[in-house]
Amino acid sequence: MIDQLKEAGLPIEYSIVYTAKNDPNGGDKNAYLQKGNFADSTIESEYSKEQPLSGSIEIFSSKEKAIERAEYLAGFTFLDDFGYQVVGDCVLLRLNSQFDHSAVEKYAQAIGGEIYSEPEEKDNSLLESKENENSSNTAAESWEEHTKKYFPDAEVEKDGYGGALIFVSLGENNSDSFITNCFNVLSKLDGCKDGTMVTINITDDPGAAIVGFPSEDGIFGFECTAILSENSALQESYDKTLGITNDRDFLKKRRELRDEIEKTEDEIEDILGEDIFE
C-alpha cells in the first residue's frame, strides 16, 4: 500500500513496515493485520527511522474494521501527530496534522478512500489561556455537566472534597469507546487540587470502578486505577488507554528529565547572576 502511494507521485522518502517485534503499539492483539509508517519530505526533513510521523497506514480484514478503528482513535488524536484519518477499502490512513487539506485529498485519492476525520481548528486564544484553562473549567463547569458530555445518563454526586462519585452503565458502548469516555471524564482532574478523587462506578458490574486523582507525575495530569471483576471485558481496553497514565518507566524518565532541566536552569542563572526562568 505504501508503494501504491509512491506510484501515485506522493513524496514519500522513507517508510517502515512493522512486525510483531517492533510495532510501537505492541505486536499482540491489534485489530489491524499490518501496519507501516512513512516520512513525507514536505512534512519531515528529518525523521526517526523507527517511527516516522508523516503518516501511518493500517490494513484490516474489512472496511468496517477500519472504520471501527478510526472511531476509536478519534478520541485520542490530541495525543499524537495524526489529526487526519482517511478510510479506504480495508485501509485506515492517518496523516500528520501539519498537512494542508489539498495534500490530504491527494493521499485519499491515491488509496481510493475518503477523508473520515480532520484535526480541530487551532484557536490561538486557547493557547494564550492554557495556563488558566483547568482552573477556570473546574470553577465554571461542574462534574455533572462535564460527565454528561460523555455519559448523558450518568448519575453524579459530589463527594464534599471537590471530587465526585459517578455512576454509569456500559450499556451498548463497546469496551474501547467506554474507556475512552472515562478518559475524557477523568481529564478534568488535570489541575485539580491534591486530594480530589473521582470514582466512576460501573453499574453493570457491581463493585467495579475506575478511580482517578490529580498527579503532577501523571502523563496527562492525573493517575488512575481500575477495580474490575475477573475476566472483565474492559480490562484490555483499560490497559492500552487509561493504563498508560500509570506507565512507571515513562514517569520515571519524565521526572529525571524534569530534574535535569531544573538543574541546568539553576546553573545558567548562577552564571548570569539573575533569575531568568520562572
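Start by selecting Arg-69, which is buried with a relative accessible area of 15%. Buried here means under 20% relative accessible area, while exposed means over 50% and partly exposed lies in between, using a 1.4 Å probe and protein chains only.

Two notes before we move on. The model is a predicted one: local features need pLDDT of at least 70, side-chain atom pairs count only at pLDDT 80 or more, and totals for chains, interfaces and linings use all residues. When you type selections, number residues from 1 along each chain as its sequence is written, and remember that side-chain values use heavy atoms, with hydrogens and water left out.

**Stop 1: the charged network**

Keep Arg-69 on screen and add Glu-58: the two form a salt bridge, with their closest N and O atoms 2.9 Å apart. This pair links distant parts of the chain, since Glu-58 is in strand β3 and Arg-69 in helix α2 (residues 63–73), 11 residues apart. A salt bridge is counted when a side-chain nitrogen of Lys or Arg comes within 4 Å of a carboxyl oxygen of Asp or Glu. The helix and strand names come from DSSP runs (H or I of at least four residues for helices, E of at least two for strands), numbered from the N terminus.

Now add Lys-35, whose side chain meets that of Glu-58 in a salt bridge at 3.5 Å, N to O. Again distant parts of the chain are linked: Glu-58 belongs to strand β3 (residues 55–59) and Lys-35 to strand β2, with their positions 23 residues apart. Lys-35, Glu-58 and Arg-69 are thus linked in a network of salt bridges, and a search of the whole structure finds two such bridges. How buried are the partners of Arg-69 in this network? Glu-58 has a relative accessible area of 0%, and Lys-35, at 7%, also counts as buried.

**Stop 2: along strand β2**

Select Asn-37, also found in strand β2. At 1% relative accessibility, Asn-37 counts as buried. Show the side chain of Ser-56 as well: it makes a polar contact with the side chain of Asn-37 at 3.0 Å. Such a contact is a pair of N or O atoms within 3.5 Å; within protein, one must be able to donate a hydrogen and the other to accept it, and residues adjacent in sequence count only if both atoms are side-chain atoms.

Next, pick Pro-52 in the loop between β2 and β3. Pro-52 counts as buried, at 0% relative accessibility. Its C-alpha atom is separated by 5.4 Å from that of Phe-38, although the two are 14 residues apart along the chain.

**Stop 3: three rings**

Phe-38 leads to the aromatic residues. Rings of Phe, Tyr and Trp (its six-membered ring) pair if their centres lie within 6.5 Å; planes under 30 degrees apart count as stacked, over 60 as edge-to-face and the rest as tilted. A search of the whole structure finds six aromatic pairs. Phe-38 and Tyr-107 are stacked, with ring centres 5.7 Å apart and planes at 15°. The pair links distant parts of the chain, from Phe-38 in strand β2 (residues 34–40) to Tyr-107 in helix α3 (residues 101–110), 69 residues apart. Add Phe-99 and look at its ring against that of Tyr-107: the centres are 5.4 Å apart and the planes at 70°, so this pair is edge-to-face. Phe-38, Phe-99 and Tyr-107 form one aromatic cluster. Phe-38 and Tyr-107 are buried, and so is Phe-99.

**Stop 4: a backbone detail**

Jump to Cys-90, in the loop between β4 (84–88) and β5 (91–95). Check its phi: the value is positive, about 70°, although Cys-90 is not a glycine.

**Stop 5: helix α7**

Select residues 175–186, the 12 residues of helix α7. At 1.5 Å a residue α7 should span 16 Å, and its end C-alpha atoms are 17 Å apart, which agrees; the expected span is 1.5 Å times one less than the number of residues. Is α7 largely enclosed or largely open? Of its 12 residues 11 are buried, so α7 is largely enclosed by the rest of the structure. Among the buried residues are Phe-178, Ile-179, Phe-183 and Leu-186. At the start of α7, a side-chain oxygen of Asn-174 reaches to within 3.1 Å of the backbone nitrogen of Asp-176.

**Last stop: a partly exposed leucine**

Finish with Leu-272 in helix α9 (residues 248–272). At 48% relative accessibility, Leu-272 counts as partly exposed.
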